[in-house]
Amino acid sequence: MVIGGKQFDLEHQFYMMGILNVTPDSFSDGGKYNDMDRALYQAEKLIEEGTDILDIGGESTRPNHIKISSAEEIERVCPIITKVKERFDIPVSLDTYKSDVAQAGIEAGADLINDIWGLKWDGTMADVIAKAGVPCCLMHNRKETDYTDFVEDVLTDLKESVELALQAGIDRESIILDPGIGFAKDLSQNLIMMKHLDRLKELGYPVLLGTSRKSMIGLTLDLPVDEREEGTLTTSVMGRMAGCSVFRVHDVKTNLRGLKMAEAIIKAES
């Protein structure tokens, strides 16, 4: 898959997606990087630590988050996308579920659209992505959590997102899937999804895992958001062993080191 002019071998290699939230209210780092200087400083730090793709988000998607207008989201993300692309040679992902924000972000230089609603929130999102010819990450999410057979239902929901993408003309080779840890799932379901990550490979697409500092870890270990890195690292390593190839994290350096160790073991010749 080509993202931002760079080739990504998502079948055989793993890659780090560094999180840059330019929001005042994200659950982990809200307010830390929501001005240009601090955002660019953090972008440089993430890149130095080993980030392969920089994921920029302008609206918090934590539980009970405050929705903002597209205009405000565009105002937050587009200037930073433009400056990041000017200053650094790094593919940029835009974390949004709104088609007008995606369109503006692509025009500002975004190379990938990361949609937490898997094209199901905004009926024109798939068309915007297809017309631009950029790759996309489609996350599992749903408004109602009335699962019948949890893992099978997640797979079915993701198949629906893929079908929306293909019908709109998005290239099959431009799709990444995300199990949506922390979205429309309780603690037990998040743990079950982690246990069965390998099932996502049945769908035939690369898988992105985004567990960084999430409540699943906090509730399991009874830890505040700033003490969840060991738990995050554990999920990253388990994700790689299950075949995930992109890891969306706040702490790139720690997770990269752990994943390199896991990769050496996975690829060791017997």
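Phe150, Val151 and Val154 in helix H5 (residues 150-168) touch Gln189, Ile192 and Met193 in helix H6 (residues 187-195), where contact means heavy atoms within 4.5 Å. By class, this contact has five nonpolar, one polar and no charged residues. Here Ala, Val, Leu, Ile, Met, Phe, Trp, Tyr, Cys and Pro count as nonpolar, Asp, Glu, Lys and Arg as charged, and the others, Gly among them, as polar. The model is predicted: local features need pLDDT of at least 70, side-chain atom pairs count only at pLDDT 80 or more, and totals for chains, interfaces and linings use all residues. Residues are numbered from 1 along each chain as its sequence is written, and side-chain values use heavy atoms, with hydrogens and water left out.

Helices and strands are DSSP runs numbered from the N terminus, with at least four residues (H or I) for a helix and at least two (E) for a strand.

**How the helices pack**

Two packed helices are described by the angle between their axes and the distance between the axes. The axes are lines fitted to C-alpha atoms, for helices over the stretch in contact, and angles run from 0 to 180 degrees between N-to-C directions.

| Helix pair | Angle | Axis distance |
|---|---|---|
| H5 and H6 | roughly 75° | within 10 Å |
| H2 and H3 | about 20° | 9 Å |
| H8 and H9 | about 35° | 9 Å |

H5 and H6 are therefore roughly perpendicular to each other, a label for angles of 65 to 115 degrees; under 35 counts as roughly parallel, over 145 as roughly antiparallel, and the rest as oblique.

Helix H2 (residues 70-87) and helix H3 (residues 99-108) pack at an angle of about 20°, which makes H2 roughly parallel to H3. Their crossing is right-handed, meaning that the near helix is turned clockwise from the far one by less than a right angle (anticlockwise would be left-handed). On the H2 side, the residues that meet H3 include Ser70, Glu73 and Ile74, and their partners in H3 include Asp100 and Val101. This contact has seven nonpolar, three polar and two charged residues.

H8 (229-241) also passes helix H9 (residues 252-266) in a right-handed crossing. Among the residues making the contact are Leu233 and Val237 of H8 and Leu259 and Ala262 of H9. The residues of this contact divide into six nonpolar, five polar and three charged.

**The buried side of H6**

Which residues of H6 are buried? They are Gln189, Asn190, Met193 and Met194; buried means under 20% relative accessible area, exposed over 50%, and partly exposed in between (1.4 Å probe, protein chains only). They cover an arc of only 140° around the axis, which puts them on the same side of H6; the arc is that of the directions from the helix axis to the C-beta atoms. Their cover includes H5, strand S9 (208-209), helix H7 (215-221) and H8.

**Three single residues**

Proline 79 lies in helix H2 and, at 37% relative accessibility, counts as partly exposed. Leaving aside its neighbours within four places in sequence, proline 79 is in contact with Met36 and Ile74.

Leucine 119 has a phi near 75°, a positive value in a residue other than glycine. It sits in the loop between strand S6 (112-115) and helix H4 (125-132). Is leucine 119 buried or exposed? Leucine 119 is buried, with a relative accessible area of 6%.

Aspartate 222 also has a positive phi, about 55°, although it is not a glycine. Found in the loop between H7 and H8, aspartate 222 is exposed, with a relative accessible area of 68%.
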